[in-house]
Amino acid sequence: MRWVFEPGFFSSHPVHVAFVVGSIVAVVSAVVGVFTVMRGQSFAGHSLADVSTAGGSGAFLVGVNPLFGFVAGGVAGAGAMEMIGVHRARGRDLATGVVLGASIGLAALFLYLGTTRSATTGASQQILFGSIFSTTSSTLWIVALFSSLCLGIMATIHRPLLLSSVSTDIAAARGVSVRVVGLLYMFALALAVGLSSLAIGAILSTALLIGPPAIALRLTKRIGWTMVAACSTGVVATLLGVLLAYDSYYWSSSHAYWPVSFFIVVIIFAGYLCTELPLVRALTTSRTDTAMVSAAPAAVDP
Amino acid sequence: MFAGFMINAWTVATIVAVIAGVVGFFVVLRGSAFPAHAIPNGAFAGAAGASLIGVNTLAGLGVFSVLAALAIGALGRRGRHDVVTALALVVMLALGALFLSQTTEYEPEIFSLLFGEILGVASNELLPVVVLGVVCLGAVVFLYRPLVLSSVVPEVGEARGVDNQRIEMAFLVVVALATAMTVPVVGALLIFSLMIGPPAAARSFTDRPPLAILLSVGIALATVWAAIALSFETDWPIGFFVGAMSAACYGLGRGWAAWRRNRAVPPESELGAVLVGA
């Protein structure tokens, strides 16, 4: 065992916090991300991290708690994307791109004004590469609060959301207000992304949002199993990444930690590549591809 | 504003606007906004890696962005590549984080890679931009017909012997080349905004591709020139002005399209009635 768990691994406080925060964020990201992948909104999911950053740096500039700026920026950006969003995926990505470009521009301005006035640098870097190990116990409560809010929204809208993600036409015919559901979903996405990019950095935020659900959707088409597979893939990748990052201190004589984000991303990407293997695809595609489509209308039946 | 040290900024901005206007038209037409964002953003890892092993950073940027384009093209299926793009982006960013953690020299340059330092362009940085610009424009001219066909009506393109998958690959490589060499000069943000806003606006004004491309280049030029002038006057970052004005262009285009649609309904239906009647 000593070869796997280097000394002090289980007694290290940062490791405990990283385990807890990482698992919560991985689960929330996976639950929200399954729909992000199904709806083809990966670009929005990634962009919201940058959009939140603009809100965070704006709040920092006016002296408000950056967390509120983060959430407010993300929610405002999500609203803007959904409002100008076009129904076709192409137009939607375009709208996302416009919001993204405008908000990175704003972030550049806020950071410029912030650094010239108060000489604090590194804020953008910290957000982009923010580390799971730098999370403190106090942010744990905020993470828990926003996670439950996000999961609450998802639990409320999951049936109409699933239906409108599979087919907007069927959803509309059954009386689902597709736009309201889409807007609520974007708010949940903004919460999840803002939260995770603040807690573990923007890179990992996108990786955990898209990677595990993409893997899960390759393996199974049933929504329940997809959720279970996505959550467990995300949690396992996170915990394994934390372990490897901790161990990496002992790998070279220079004694420098390798970034956690690197390990988690590599594990997730390797997992995704595995689903491309002929063997895996032969095992998974033999099952009915229509399972989710046929299950979805049944799911909203009274 | 037109002093000697500003000449390079004006020159490079003009070249970049032309490239972004032309390549961006196809980015908008094909719905490739995500790859256009991911490739230059992730390519910074190449620069970080190159500086780690002591190679020219431009080479690192080029290699990484072309590799990313090829990976996205190869793993994406049937035109749906948003998941693959996201994964390629995070893999590159994570590699960048790893490279940065192994060195202490490179960090201040991240900010300039993302936001650019167009007002401090050196003369020897101009040549690669010019060469790459010519290569990209040449590639677009060469690929023009199959590119338009496979973007607008992929099925017709297929029937006429256009290999959509191969065109997609070639186009992503063009995007990679267009962005990689311009990123150190103008930043990932500026090139991305220029590739989305002006072409999207141009498409709202006209449906004819050649005209739309010209218009897109014109709007991009106007945007970037105004941004430099405003940035010079106010000392605010140029990326802010480009981002804001690109969004404004897009808004104007959408507004114009909606207005025209509302007005155009009666004549169009009349025409339809005439045609049906005839």
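1. Helices in this note are DSSP runs of H or I, at least four residues long, numbered from the N terminus. The model is predicted. On that footing, Phe241(B) sits in helix H12 of chain B.

2. Stay with Phe241(B) for a moment. Is Phe241(B) buried or exposed? The cut-off for buried is 20 or more other C-beta atoms within 10 Å. Phe241(B) has 24 other C-beta atoms within 10 Å, so it is buried. Setting aside neighbours within four places in sequence, its contacts are Ala227(B), Leu230(B) and Ser231(B). Trp225(B) lies 16 residues away along the chain from Phe241(B), and their C-alpha atoms are 10 Å apart.

3. Now look at Asp235(B). This residue belongs to the loop between helix H11 (209–234) and H12 of chain B. Its phi is near 70°, a positive value in a residue other than glycine. Most residues other than glycine have a negative phi. Asp235(B) is worth a look on screen for that angle. Exposed means 12 or fewer other C-beta atoms within 10 Å. Asp235(B) has 10, so it is exposed.

4. The overall make-up of chain B is helical: 12 helices and zero strands. Read from the N terminus, the order of elements is α-α-α-α-α-α-α-α-α-α-α-α. Chain B has 278 residues, and 51% of them count as buried. Take the contacts in chain B with a separation of 6 or more. Residues 24 or more positions apart account for 76% of these.

5. Confidence in chain A needs a comment. Its mean pLDDT is 80, and 80% of its residues reach 70 or more. Two stretches need care. Over residues 117–122 of chain A the pLDDT is below 50, and this stretch has three contacts in the model beyond near neighbours in sequence. Residues 288–302 of chain A also have pLDDT below 50. Beyond near neighbours in sequence, that second stretch makes 22 contacts in the model.

6. Next, the interface. How many residues of chain B are in contact with chain A? The count is 39 residues of chain B, in contact with 39 residues of chain A. On the chain B side, at least two residues each come from helix H2 (33–42), helix H5 (82–101), helix H6 (108–115), helix H10 (183–205) and helix H12 (238–277). H5(B) gives the largest share, 13 residues. By class, the side of chain B that touches chain A has 27 nonpolar, 10 polar and two charged residues.

7. Within chain A, begin with helix H1 (residues 13–38) and helix H8 (residues 178–200). They pack at an angle of about 150°, with their axes 10 Å apart. Angles over 145 degrees count as roughly antiparallel, so H1(A) is roughly antiparallel to H8(A). The crossing of H1(A) and H8(A) is left-handed. Residues in this contact include Val21(A), Val25(A), Val28(A) and Phe35(A) of H1(A), and Tyr185(A), Leu189(A) and Leu195(A) of H8(A). The contact of H1(A) with H8(A) has 12 nonpolar, four polar and no charged residues.

8. H1(A) has another partner, helix H10 (residues 223–247) of chain A. Their axes come within 8 Å and cross at roughly 150°. That angle makes H1(A) roughly antiparallel to H10(A). Here the crossing is right-handed. Among the contact residues are Phe19(A), Ala26(A) and Val34(A) of H1(A), with Met227(A), Cys231(A), Leu239(A) and Tyr246(A) of H10(A). The contact of H1(A) with H10(A) divides into 15 nonpolar, seven polar and no charged residues. Gly22(A) and Ser29(A) of H1(A) take part in the contact with H8(A), and both also take part in the contact with H10(A).

9. The last pair is helix H2 (residues 42–62) and helix H3 (residues 66–84) of chain A. Their axes come within 6 Å and cross at roughly 135°. That angle makes H2(A) oblique to H3(A). H2(A) passes H3(A) in a right-handed crossing. Glycines appear on both sides of this contact, including Gly55(A), Gly56(A) and Gly58(A) of H2(A) and Gly69(A), Gly73(A), Gly74(A) and Gly77(A) of H3(A). By class, the contact of H2(A) with H3(A) has 12 nonpolar, eight polar and no charged residues.

Conventions:
Residues are numbered from 1 along each chain as its sequence is written. Chains are lettered from A and ligands numbered from 1 in the order in which they are written. This is a predicted model: local features need pLDDT of at least 70, side-chain atom pairs count only at pLDDT 80 or more; totals for chains, interfaces and linings use all residues. pLDDT is the predictor's confidence in each residue, from 0 to 100. Two residues are in contact if their C-beta atoms, placed from the backbone, lie within 7 Å. Ala, Val, Leu, Ile, Met, Phe, Trp, Tyr, Cys and Pro count as nonpolar, Asp, Glu, Lys and Arg as charged, and the others, Gly among them, as polar. Axes are lines fitted to C-alpha atoms, for helices over the stretch in contact, and angles run from 0 to 180 degrees between N-to-C directions. Angles under 35 degrees count as roughly parallel, over 145 as roughly antiparallel, 65 to 115 as roughly perpendicular and the rest as oblique. A crossing is left-handed if the near helix is turned anticlockwise from the far one by less than a right angle, and right-handed if clockwise.
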